Amino acid sequence: MSRTDYDIVVVGGGLGGAAFAVVMAKAGARVLVVERETHFQDRIRGEFMEPWGVAETRRLGIYDAIRSAANDNPFWQLYLSGMKLDRRDIVATTPHNSPNLAIYHLMLQELVLAEAAKAGAEVRRGAKVCEVKPGNPPAVAIESKGRVEELSPRLVVGADGRSSMARKWCGFATKREPDRYYIAGLLFEQMSAPEDTAIGAYNPTIGQVGFLFPQGDGRVRAYDVYPIDADFRLQGENSTDRFVAEALNSGVPPEYYKSARASGPLASFISADHWVESPYRDGVVLIGDAASASDPIFGQGLSLTCRDVRVLTDFLRENQDWAEACRAYAQAHDQYFTILREADNCLREILVDRGPEADARRARALPRVAQGIAQMPDQGFCGPDKPFDEGRIAAAYSATISADGRSRPGRFPKSATTRSTSCRRWNSFRYIWFNRTTTQ
Ligand SMILES: Cc1cc2nc3c(=O)[nH]c(=O)nc-3n(C[C@H](O)[C@H](O)[C@H](O)COP(=O)(O)OP(=O)(O)OC[C@H]3O[C@@H](n4cnc5c(N)ncnc54)[C@H](O)[C@@H]3O)c2cc1C
């Protein structure tokens, strides 16, 4: 018989909801996770976790559980307009000294949700949350086998993904970047790409990108990015040949696809970031994609979801006043998400966008990028805490303008409380990157 006196009800048992339940159940909270799927399916989601996200999984205590099903991608190979750049050693050149992890998403979900149950959370699968009402306490209605049950926990956590209904029911306003690109995903077996190297092939002439994320034993998650005004749409199994053709147009080496066999669904998604500002109100807090679905072109979503869980659970465990804890999380979330969004926009403008303005920006930026990929904004691999004053990026680009009008190296603050300053510095960085007409 299940209990009804929960401290926390979590809407959604994806990575965010399940990881949150692991930490809070271990801390002694009575947690219920409601997940509508009885068996997870391939929804074409994130399968490439960057080193800063891997570091977050260690802090959350879920790393060992997912590691067993993941493949290390310690190298990153960038192709730009058909040109092969230096292969980057991600372990040696990022602060967390960790490889990227490639993992089949539904396996990731199963493993973390199993950890939540092991930690003492109650997990109800095949049950659906059909309403959430903010309040003191908040209310949540759960539908299962034709019966609706109403609960009033201390806290409701909306972890129900990019189309979150918890977000809508509770009246959170959603902001979004303009729709610019689609991202399509398809799983391949028997691909002959190197198993230790993630590949990103960017072709800004046509505004397209092809990614390969090897999961081991010839299995590779591939994504194609293409503009919203393209005269094709990659959708359904009839588009498989076109998917491969567009990957090659982006610059993915054809030999990798030669013996590959498509396996699983093919679908396209609009990639634009969408997010809420201050993802907490009256007993309801949003995490993961429900709070901010970051543009998948830059593969930050899994890491950001783990960051949300870590920051929120840190505050909840430190502070008996959960409303105050959730407000502190919401404030921190706004700050680190803004940094990631700005960094992603910067990379998009350099590597993906088409047109004369984008070409002019590239003409200024690419001579530096050609010196090595360490010259790129690096939040993707390093996370939102990456100090800009470390390394050559700082020396070359990351300058802030002081009161006397002279530039000096920018510095990212270390604590979450001062991150709004880092946003201002990041904007200075963008200004300098894009608007300088002479190279230093
Ligand atoms: C095409 C694409 C490619 C991506 N690639 C990458 C990548 O390479 N790297 C990366 O880091 N990120 C990537 N992402 C983003 C990443 O997948 C997400 O950020 C991550 O999955 C978010 O996890 P989540 O737990 O917040 O949401 P989800 O994974 O969406 O989980 C939400 C869960 O809630 C459940 N649910 C929803 N509504 C209800 C309800 N009413 N009642 C009960 N349960 C409910 C769902 O069944 C689901 O299990 C990609 C996203 C897309 C769309």
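Student: What makes strand 21 and strand 24 a pair?

Tutor: In this predicted model, strand 21 (residues 274–276) and strand 24 are joined by 2 bridges in the antiparallel sense, and since two strands pair once DSSP finds at least two bridges between them, these strands meet the rule. At one point of this pairing, Trp 275 stands opposite Ser 292 in strand 24.

Student: Which order do the strands of that sheet follow, and why do strand 14 and strand 24 count as edges?

Tutor: The sheet is an open one of 3 strands, in the order 14-21-24, with antiparallel pairing. Strand 14 (174–176) and strand 24 (292–293) each have a single partner strand, so one side of each has no neighbour in the sheet, and this places them at the edges.

Student: What makes strand 11 and strand 12 a pair, and how many residues lie between them in the hairpin?

Tutor: Strand 11 (residues 139–144) and strand 12 (residues 147–151) run antiparallel and are joined by 5 bridges, which satisfies the requirement of at least two. Ser 144 stands opposite Arg 147 in strand 12. The two strands form a hairpin with 2 residues between them, and Lys 145 in the turn has a positive phi of about 50°.

Student: How do you know that Arg 124 is buried, and what joins its side chain to that of Glu 149?

Tutor: Arg 124, which lies in strand 9 (residues 122–125), has a relative accessible area of 13%, and because buried means under 20%, Arg 124 is called buried. The side chains of Arg 124 and Glu 149 are joined by a polar contact of 2.8 Å, a value that falls within the cut-off of 3.5 Å.

Student: Why is strand 15 described as largely enclosed?

Tutor: Of the 9 residues of strand 15 (residues 181–189), 9 are buried, so the strand is largely enclosed by the rest of the structure. In a regular strand the side chains alternate between the two faces of the sheet. Here Tyr 181, Ile 183, Gly 185, Leu 187 and Glu 189 point one way, while Tyr 182, Ala 184, Leu 186 and Phe 188 point the other way, and all are buried.

Student: What makes strand 18, strand 20 and strand 19 partners of strand 15?

Tutor: Each one can be set against the rule of at least two bridges. Strand 18 (residues 219–227) pairs with strand 15 in the antiparallel sense over 8 bridges, and there Phe 188 stands opposite Val 220. Strand 20 (residues 267–270) also pairs with strand 15 in the antiparallel sense, over 4 bridges, with Gly 185 opposite Ala 267. Strand 19 (residues 261–262) pairs with strand 15 over 2 bridges, again antiparallel, and the bridge partner of Glu 189 in strand 19 is Arg 261.

Student: Is Ser 250 buried or exposed, and where does it sit?

Tutor: Ser 250 belongs to helix 7 (residues 240–250). Its relative accessibility is 1%, so it counts as buried, the cut-off being under 20%. The side chain of Ser 250 reaches the backbone nitrogen of Val 209 at 3.5 Å.

Student: How do you know whether Val 309 is buried or exposed?

Tutor: Val 309, a residue of helix 9, has 0% relative accessibility and therefore counts as buried. Val 309 and Ala 21 are 288 residues apart in sequence, while their C-alpha atoms are 9.2 Å apart in space.

Student: How many disulfides are there, and are Cys 306 and Cys 382 buried or exposed?

Tutor: A disulfide needs a pair of cysteine sulfur atoms within 2.5 Å, and by this rule the count is 0. Cys 306 has a relative accessible area of 0% and is buried, and Cys 382, at 3% relative accessibility, counts as buried as well.

Student: Which residues are closest to the ligand, and how much of its accessible area does the protein cover?

Tutor: The ligand is surrounded by 35 residues, of which the closest are Glu 35, Gly 46, Phe 48, Asp 289 and Leu 302. By class, this shell has 13 nonpolar, 12 polar and 10 charged residues, and its largest share, 3 residues, comes from helix 9. An oxygen atom of the ligand lies 3.0 Å from an N or O atom in the side chain of Arg 43, and a nitrogen atom of the ligand lies 3.0 Å from a polar backbone atom of Val 129. The protein covers 98% of the 1,000 Å² of accessible area that the ligand has on its own.

Definitions and conventions:
Residues are numbered from 1 along each chain as its sequence is written. This is a predicted model: local features need pLDDT of at least 70, side-chain atom pairs count only at pLDDT 80 or more; totals for chains, interfaces and linings use all residues. Side-chain values use heavy atoms; hydrogens and water are left out. A residue is near a molecule or strand if one of its heavy atoms lies within 4 Å of it. A polar contact is a pair of N or O atoms within 3.5 Å; within protein, one must be able to donate a hydrogen and the other to accept it, and residues adjacent in sequence count only if both atoms are side-chain atoms. Accessible areas come from the Shrake-Rupley method with a 1.4 Å probe; for residues, only the protein chains shown count as cover. Ala, Val, Leu, Ile, Met, Phe, Trp, Tyr, Cys and Pro count as nonpolar, Asp, Glu, Lys and Arg as charged, and the others, Gly among them, as polar. Buried means under 20% relative accessible area, exposed over 50%, partly exposed in between (1.4 Å probe, protein chains only).
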